[in-house]
Structure formats: C-alpha cells, structure tokens
Amino acid sequence: MAQQQQTAEPIPDEHRTTTVEKGRFCVAHCTCGWRGPARRARSLARTDAESHSTAP
C-alpha cells in the first residue's frame, strides 16, 4: 500500500521569525517585515521574536 505524504501549506497570516547577528548585536526579523530592536543578548532577541509571533 502506498503512503501519501502531506505537505503543510503556508498560512498567509503566519509570522515566521528568525534572529540575525550583526556584529555584537542580534536582531529578530519576521516575514511580515517587522524587525525587533538590536540586542546584545541572543535570548532577548528570541524573546522579542516569540512575543511578536504570538501577538494578536
């Protein structure tokens, strides 16, 4: 019996965040164009990204 693979279609309103290092700073970016403040602590940049992606 053949197995079918399901691929998840991207949700248009879904925010996908990443962090980018620029020198000594780390900045959270989102696919919607949002950018967080430059942070020296990566953990704070990740927190900014998480807060943005869960905001209503």
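How many residues does helix α1 have, and how far does α1 reach from its first C-alpha to its last? Keep that in mind as you open this predicted model; the answer comes at the helix stop.

**Whole chain**

Start with everything selected. The chain has 1 helix and 2 strands, and along the sequence they follow the pattern β-β-α. Colour by burial next: of the 56 residues in the chain, 18% are buried. If you add a surface, its accessible area is about 5000 Å², with 48% of that belonging to carbon and sulfur atoms. For a contact map, take the pairs with a separation of 6 or more: 12% of those contacts are between residues 24 or more positions apart.

**The hairpin**

Now select residues 17–22, which are β1, together with residues 25–30, which are β2. The two strands run antiparallel and are joined by 6 bridges. Show Val20 and Val27 as sticks: Val20 stands opposite Val27, which is in β2. Then move to the turn. The hairpin leaves 2 residues between β1 and β2, and Gly23 in that turn has a positive phi of about 65 degrees.

**Along β2**

Stay with β2 on its own for a moment. This strand is mostly covered, with 5 of its 6 residues buried. Two of its residues deserve a click.

Pick Ala28 in β2. Is Ala28 buried or exposed? Its relative accessible area is 1%, so Ala28 counts as buried, the cut-off being under 20%. To see what surrounds Ala28, leave aside neighbours within four places in sequence and select its contacts: Thr18, Thr19, Trp34, Arg35, Gly36, Ala45, Asp48 and Ala49. You can also draw a distance from the C-alpha of Ala28 to the C-alpha of Arg46, which should read 6.7 Å; these two residues are 18 apart along the chain.

Next, pick His29, also in β2. His29 is buried too, at a relative accessible area of 14%. Not counting residues up to four places away in sequence, His29 touches Arg16, Thr17, Thr18, Val20, Lys22, Trp34 and Arg35.

**The helix**

Now for the opening question: select residues 42–54. Helix α1 has 13 residues and reaches 19 Å from its first C-alpha to its last, close to the 18 Å expected at 1.5 Å a residue.

Which residues of α1 are buried? Highlight Ala45, Asp48, Ala49 and His52. They lie on the same side of α1, because the arc they cover around the axis is only 95 degrees. Rotate to the other side of α1 and you will find Glu50 and Thr54, which are exposed.

**Helix against strands**

For a last view, show α1, β1 and β2 together. What do the buried residues of α1 pack against? They pack against β1 and β2. Return to Ala28 to see part of this up close: among its contacts are Ala45, Asp48 and Ala49, and these three are buried residues of α1.

Conventions: Residues are numbered from 1 along each chain as its sequence is written. This is a predicted model: local features need pLDDT of at least 70, side-chain atom pairs count only at pLDDT 80 or more; totals for chains, interfaces and linings use all residues. Side-chain values use heavy atoms; hydrogens and water are left out. Helices (H or I, at least four residues) and strands (E, at least two) are DSSP runs, numbered from the N terminus. Buried means under 20% relative accessible area, exposed over 50%, partly exposed in between (1.4 Å probe, protein chains only). Contact means heavy atoms within 4.5 Å. The expected span of a helix is 1.5 Å times one less than its number of residues. The arc is that of the directions from the helix axis to the C-beta atoms. Two strands pair if DSSP finds at least two bridges between them. Accessible areas come from the Shrake-Rupley method with a 1.4 Å probe; for residues, only the protein chains shown count as cover.
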